[in-house]
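Let us walk through this structure one region at a time. Keep the sequence and the 3D view side by side.

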Amino acid sequence: MMRLSPGFAINPRFQFNPFVISQKPTFLPAQIGPRRRNFSRIGSESGDGDAFDAVAYESERLSLDAVAMEDMAETAKKELESDPDSDPKAWKWVIRKSMWDLMEARNYSMNPRPVHHRIPNFVGASAAAGKLAELEAFSNAEVVKVNPDSPQKQIRFLTLSGDKKLLTPQPRLRTGFFSVLESDLLKPETIIEACTSVGVAKYGRAIGLDEKIKVDLIVIGSVAVNPQTGARLGKGEGFAELEYGMLRYMGAIDDSTPVVTTVHDCQLVDDIPLEKLAIHDVPVDIICTPTRVIFTNTPIPKPKGIYWDKLSPEKLQQIRILRELKKRLEKKTGRKLPTGPSEKLPPTAERKRR
């Protein structure tokens, strides 16, 4: 049974009217920095000269995500029905399901709903983003890596409007690796659009493993997080861990790079057992909720890279950038890297070039 962390009770101010779930997140244009920027470069053309079809792109993304979520639901059902003593992942799914159920039942969720099998968009996400924006680590950062999920949309906005570079992964790493967006190359009226998946595809610059970039702050989404230890659970697909491992390979981050998550107060739990965490699980250094900032002083070691013996052949087959990295390392070392146990994964189709 999931337990809320003692001392982290839900603030009654955030038990909002359930009708708030239909409202769009409020952006904070007043946070835009005063420095003048050059907005001359951005157009509506894709790299190959064809006009970018935003409607088709978003339709395809939503279709692929729906298929992936259906399959993740099947995976979760099997895990929940399995023997916790013999299945090393079953306990994570118990906590995830309990949290998703809780957030839906108490209307702590915002669209897209239901929040099951998502990084849940939560009531107060913009307030939590505001707390994050007050951090010294954010103020001093020049490059911020932010996950592409709905509750972190305001953080992406604050990053771009604060004259910083935004590094964000392409959806489920389907089409490549990361995209970089720079505020200097965006018109003021396109910054909000650039915080969406369509905007990233339209305005972002795709990068590869050879990109020379230093990431100063990492923001990841969570389903549940322990404020005492920094242990966190994502939605179960492992992309935060893969992205972290690849950034380590690139030399873009190291152990000292702060990892932050934003969550609702109800997502703070105390039943994520440290002894059951995997070596590739990414802990968080700082938690921002709508009501507080928590420095976890996490004792959990940060992953050093990709742990190939944990990576299934199916996951490797789905993600081109991983196959490229594996091929490079095998060529460099002259030996074949191990692979992990087989698993059933949601289909991750390649997006057609536009």
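Is Val260 buried or exposed? Val260 counts as buried, because its relative accessibility is 0% and the cut-off for buried is under 20%. This is a predicted model, and the values below are computed from it.

Start, then, at Val260. Val260 sits in strand β8, which covers residues 259–262. Set aside its neighbours within four places in sequence. Val260 is then in contact with Leu132, Leu135, Leu217, Ile218, Val219, Ile220, Ile286 and Cys288. Asp285 lies 25 residues away along the chain, yet the C-alpha atoms of Val260 and Asp285 are separated by 6.0 Å.

One of those contacts, Leu132, leads to the next stop. Leu132 belongs to α3 and takes part in the contact with α5. Helix α3 spans residues 125–133, and helix α5 spans residues 153–161. Their axes come within 8 Å and cross at roughly 40 degrees. That angle makes α3 oblique to α5, because angles between 35 and 65 degrees fall outside the parallel and perpendicular classes. The crossing is right-handed. From α3, the contact uses Ser126, Ala129, Leu132 and Ala133. From α5, it uses Gln154, Ile155 and Leu158. By type, the contact residues divide into 5 nonpolar, 2 polar and no charged.

A second helix pair can be read in the same way. Helix α8 (residues 239–250) and helix α10 (residues 320–333) have axes that come within 12 Å. These axes cross at roughly 40 degrees, so α8 is oblique to α10. The crossing of α8 and α10 is left-handed. Leu242, Met246 and Tyr249 of α8 meet Ile321, Leu322, Leu325, Arg328 and Leu329 of α10. The residues of this contact divide into 7 nonpolar, no polar and 1 charged.

Now turn to α2. Helix α2 has 16 residues, running from 90 to 105. From first C-alpha to last it reaches 23 Å, close to the 22 Å expected at 1.5 Å a residue. Its buried residues are Ala90, Trp91, Lys92, Trp93, Ile95, Arg96, Met99, Trp100, Leu102, Met103 and Glu104. An α-helix has 3.6 residues a turn, so residues three or four places apart point the same way. Read the buried list with that spacing in mind.

What follows α2? Asn107 does, with a positive phi near 55 degrees. Tyr108 is in the loop between α2 and α3. Tyr108 counts as buried, because its relative accessibility is 3%. In sequence, Tyr108 and Phe122 are 14 residues apart; in space, their C-alpha atoms are 5.7 Å apart. The loop between α2 and α3 also holds Pro112 and Pro114. A cis peptide bond joins Asn111 to Pro112, with omega about 5 degrees. Another cis peptide bond joins Arg113 to Pro114, with omega about 0 degrees.

Two further loop residues deserve a look at their backbone. Asp163 is not a glycine, yet its phi is positive, at about 65 degrees. Asp163 lies in the loop between α5 and β2. Its relative accessibility is 22%, so Asp163 counts as partly exposed. Asn297 also has a positive phi, near 50 degrees, and is a residue other than glycine. Asn297 is in the loop between β10 and α9. At 68% relative accessibility, Asn297 counts as exposed.

Note on methods:
Residues are numbered from 1 along each chain as its sequence is written. This is a predicted model: local features need pLDDT of at least 70, side-chain atom pairs count only at pLDDT 80 or more; totals for chains, interfaces and linings use all residues. Side-chain values use heavy atoms; hydrogens and water are left out. Helices (H or I, at least four residues) and strands (E, at least two) are DSSP runs, numbered from the N terminus. The expected span of a helix is 1.5 Å times one less than its number of residues. Buried means under 20% relative accessible area, exposed over 50%, partly exposed in between (1.4 Å probe, protein chains only). Axes are lines fitted to C-alpha atoms, for helices over the stretch in contact, and angles run from 0 to 180 degrees between N-to-C directions. Angles under 35 degrees count as roughly parallel, over 145 as roughly antiparallel, 65 to 115 as roughly perpendicular and the rest as oblique. A crossing is left-handed if the near helix is turned anticlockwise from the far one by less than a right angle, and right-handed if clockwise. Contact means heavy atoms within 4.5 Å. Ala, Val, Leu, Ile, Met, Phe, Trp, Tyr, Cys and Pro count as nonpolar, Asp, Glu, Lys and Arg as charged, and the others, Gly among them, as polar.
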